Number of protein chains: 2
Amino acid sequence: MDAPRWLDEREDRAWRGYRRMRRLLDLELARELSQDAGLSEPDYDVLSDLSETPQGRLRLSELAHRMLWSRSRLSHHLSRMQQRGLVTREECADDARGSIVVLTPAGRQAIESAAPGHVAAVRRHLIDLLTPAEVDALGALTHRVVDHLAEPGLQATRPQPAAKA
Amino acid sequence: MDAPRWLDEREDRAWRGYRRMRRLLDLELARELSQDAGLSEPDYDVLSDLSETPQGRLRLSELAHRMLWSRSRLSHHLSRMQQRGLVTREECADDARGSIVVLTPAGRQAIESAAPGHVAAVRRHLIDLLTPAEVDALGALTHRVVDHLAEPGLQATRPQPAAKA
DNA sequence: CTAGCTTCGATGACATGTCAACAAATTTTC
DNA sequence: GAAAATTTGTTGACATGTCATCGAAGCTAG
């Protein structure tokens, strides 16, 4: 290993700031979401992704892919959400292995009533604190990093058992 | 609730990008860290914060405060790290309730050998993908958000039982 | 002093996430 | 078209995080 190139002062400031923001923003958003809507962030994300589809239906594995979750994690989580009546599972017509995750009316109700408050919180604690230029910069920079990470070559883009050596 | 002000296209792009980057970056950094150094990110953070103090010693509660962790979480995590020989606990001289978390030689060894690779990964997957202006923008923006969230008035800045209504 | 009140850290119960293994269904290969 | 390989979703064991509670120690006010 060569002499490591440590982060300089500005880089360190950005990296520490990022991690701190990450943690604090998460805590606050989760706190408000849970208090105002009785949902966890994972709950919200599942419902949100489902509600963005025309029918409120997605193959489990497609949903897992979009969320960057493992199928296992999603399956466990859906079981809990199913018990609360937010989603159901249906059999898949064309693929008998598959299951389709379906938003229930209660689930749609939950996301629709949670969304305004959640978006407001995202604005209040993040977006509205940024200049338009910063919003654009954040959009550009995050997408560049995402594209880089998603590049084939390194590793799987989804959380899955590591590729076979 | 007033008519919600949804995110416009640019804001949405920034918000989605942020969340996606967050997830992917985390997965990748954790994967490399675990593979190269046998440490999880929480392990790394504990060791890193400890090693930044002159003696490699910190009060448990001070460490928890810096990490934005609950004392409970830290206590559990330290027990596991202690079993692996990375840290120890010592009694606190001036406060008999307290315990002092101490970096063991093995712990120092672990962080020192993990750090170069980890910093390199942070560079490779984030910092080096940004222009100097973006690094500065990220530093500025994250710190502004952190300061805003840390403001008294809203809620606790650390994960703790919520304030009594 | 000492009776509350607070803080410290540990703990156990529980919620959530990860990982490996599995059966069933599908796809590929010959 | 059948054997082999892959994909799908579930499951159980385990690791990790959260939450409420606790005993011990410190602090504060009379």
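This is a short talk on chain A of a predicted model and on the protein residues around DNA strand D.

Okay, some housekeeping. Residues are numbered from 1 along each chain as its sequence is written, while chains are lettered from A and ligands numbered from 1 in the order they are written. Since we're looking at a prediction, local features need pLDDT of at least 70 and side-chain atom pairs count only at pLDDT 80 or more, with totals for chains, interfaces and linings using all residues, and side-chain values use heavy atoms, leaving out hydrogens and water.

Let's start with chain A. It has 6 helices and 3 strands, where helices are DSSP runs of H or I with at least four residues and strands are E runs of at least two, numbered from the N terminus. In order, that reads α-α-β-α-α-β-β-α-α. Of its 165 residues, 44% are buried, meaning under 20% relative accessible area with a 1.4 Å probe, protein chains only.

Now, the DNA. Which residues come nearest to strand D? Of the 20 around it, they are Ser61(A), Ser75(A), Arg97(A), Ser72(B) and Arg73(B); "near" here means a heavy atom within 4 Å.

How about particular atom pairs? A backbone polar atom of Ser61(A) sits 2.9 Å from a phosphate oxygen of strand D. The bases get some attention too: the side chain of His76(A) has an N or O atom 2.8 Å from a base oxygen, and for Arg71(A) the side-chain N or O atom is 3.3 Å from a base nitrogen.

And which element gives the most residues to this surface? That's H4(B), with 5.

How values were computed
Polar contact = N/O pair within 3.5 Å; in protein donor to acceptor, adjacent residues only side chain to side chain. Buried < 20%, exposed > 50% of the residue type's maximum accessible area, 1.4 Å probe, protein only.
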